[in-house]
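Me: I would like to go through this model with you, starting from one loop and moving on to other topics. Shall we begin?

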Amino acid sequence: MKTSRPTDEASPRNTPAGRPLLSVATAPDSLPLESMTIETIQAEFTAGGLTAESLMRAVQARIAVFEPAYNAFVFLNPDALDQARHIDSRRAAGKPLGPLAGIPVAVKDSVDVAAMPTTCCWDRLAPARGGYGLIPERDAPAVARLRRAGAIIVGKTNTPAFSAAQRTTTSWAGTTYNAVDRRLMPAGSSSGSATAVSAGFAVVGVAEETGGSIQNPAGAQSLVAIRPTFGLTPNTGVAPMAASTRDVVGPHAKSVRDAAWMLDVMAGYTVEDPKTLAGLDRIPQGGYGRDLRPDGLRDKRLGTFGPGWRTEPLSPGIVSQYDRALGQIASLGATMVDDPFKDTPFASYASRLGDLSVLESIIYDFGVYLRRNPSFGVASFAELAQRAGADPFDEGQPLHFMRDHIRSTADASPPDLVEFIAARRWYLAAFGDVMAAHQLDGLVFPQMMAEVPPLVGNAPYLATATQAVNIAGLPGVVVPAGRLAGGSPFALIFIGRPWSEAALLSMAYAYEQGWPSRVTPVLRA
């Protein structure tokens, strides 16, 4: 394995994307970063066997060796080592520390981190490519909460331009690769964060989802993820696709407990995002890790995937692994309820509805986002296009395929959400009726309908639950569940009623403890 030449100071070198990496003293193989969790790291901090600085040096050394082959980042934090030393000095002085003190975190590019560029991964907004720079003067609320908890931002991660749904993550910074297998699709706009966490370039990551971009990269890269109920975590300060209706911010992690700790920090009301008022009394006392027990599946009733939910069939390989996983869950005390949505109009409604335009509010939401940071120097999508020298909806630009679904970019009036609200109301009512009729504690589906597609080719990533959960705003917890015969990661997703994250995490934790199945990547430089 290649290692960095030891040095006392960070020194930049260039990657193919033209971004600086750091050469540091710690050899990248000195810590098992691909498997270390918040829990194990905090235990080492407490025992004195590890410091925040040594951890960050190891992370940066691993990035220096392997990042060029995986391309998870678009920007790295030049102050990360100093921030780690500050944590160590506070620890040595016996000063209070937050629950994530010294933990390296990767943040999706679309999520604002003060003084770090938010490029939306569009070349026209990338200072490194001569684009108009959006440099936020303050953190998104979710990031501010992580920093107050002591987390250290490693850097901003790669995403398709404007997080637009694409089969690969390719931007001005190049293509991000799947950490489990570079030949496989990384699977969604938050795949830079997933790759960073799975590869050990960070311990946990901040992801964001409009239509599957938290859950799909986690499924494809053998990670735990939480797609929270809409409104549980603030999405203010996040370059939006549908901030008024669908966008949610959630964690990528290597364990259920780590994901729960991340949600504890990020969730809850903030005056900056009035939507979060809906979750004011929904956060459990004692936090989301309170009920994580090995017997969390005992006596639970779980609905299974079938044509009543979605008419498209699972691939034979997924069926085989799903049957195995259902047997494992049953062995932990749960009762399976076969396709509880059969004999309901759920699947046919979803088929008629299609995906419903995800751009019902993008023009308005983007204006709200831009005005939050006067340092951006633009206050509307139209002004942004003028400064960038191109309209992202024009032909040849990343959002052109959505042009027919938007109003004029100069129209900043609040969106008409009648169609979307009707769809959400129908989904919530139908979902609630089925859950009540069968006395279900949740659903457990394969996260994907078929094997993770190869990076090269036209096959899409087929998820079982993106449409319904994103329109209805439902929560889901993804947990690794092994590997398919061809090598593709396999994952489950536990889905529940709004605000049921604690119960879903409890069930996912019991599965993880009873049948640990995460695929640990072996990186290639």
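Me: Where is the place of Leu277?
Reply: Leu277 sits in the loop between helix H7 (256-266) and strand E11 (301-304). Helices (H or I, at least four residues) and strands (E, at least two) are DSSP runs, numbered from the N terminus. This is a predicted model, in which local features need pLDDT of at least 70, side-chain atom pairs count only at pLDDT 80 or more, and totals for chains, interfaces and linings use all residues. Residues are numbered from 1 along each chain as its sequence is written, and side-chain values use heavy atoms, with hydrogens and water left out.

Me: Which residues form a nonpolar patch with Leu277?
Reply: Tyr269, Val271 and Leu280 join Leu277 in that surface patch, with about 430 Å² of accessible area together. Accessible areas come from the Shrake-Rupley method with a 1.4 Å probe, and for residues only the protein chains shown count as cover. Patch residues have over 30% relative accessible area and no salt bridge; like charges are joined within 9 Å, nonpolar side chains (Val, Leu, Ile, Met, Phe, Trp, Tyr) within 5 Å.

Me: And which salt bridge involves Glu272?
Reply: Glu272 pairs with Arg372 at 2.7 Å, N to O. A salt bridge is a side-chain nitrogen of Lys or Arg within 4 Å of a carboxyl oxygen of Asp or Glu. Glu272 lies in the loop between H7 and E11 and Arg372 in helix H10 (residues 362-372), so the pair ties together parts that are 100 residues apart in sequence.

Me: Is Arg372 buried or exposed?
Reply: Arg372 is buried, at 9% relative accessibility, whereas Glu272 is partly exposed at 29%. Buried means under 20% relative accessible area, exposed over 50%, and partly exposed in between (1.4 Å probe, protein chains only).

Me: How many salt bridges does the count come to?
Reply: The count is 17. Among them is Arg85 with Glu53, whose closest N and O atoms are 3.3 Å apart. Glu53, Arg57, Asp82 and Arg85 are linked in a network of salt bridges.

Me: Changing topic, how many disulfides does the structure hold?
Reply: It holds zero disulfides, a disulfide being a pair of cysteine sulfur atoms within 2.5 Å.

Me: Why is there no bond from Cys120?
Reply: The closest cysteine sulfur, in Cys121, is 8.0 Å from the sulfur of Cys120, which is too far for a bond. Cys120 is buried, at 2% relative accessibility, and Cys121 is buried at 1%.
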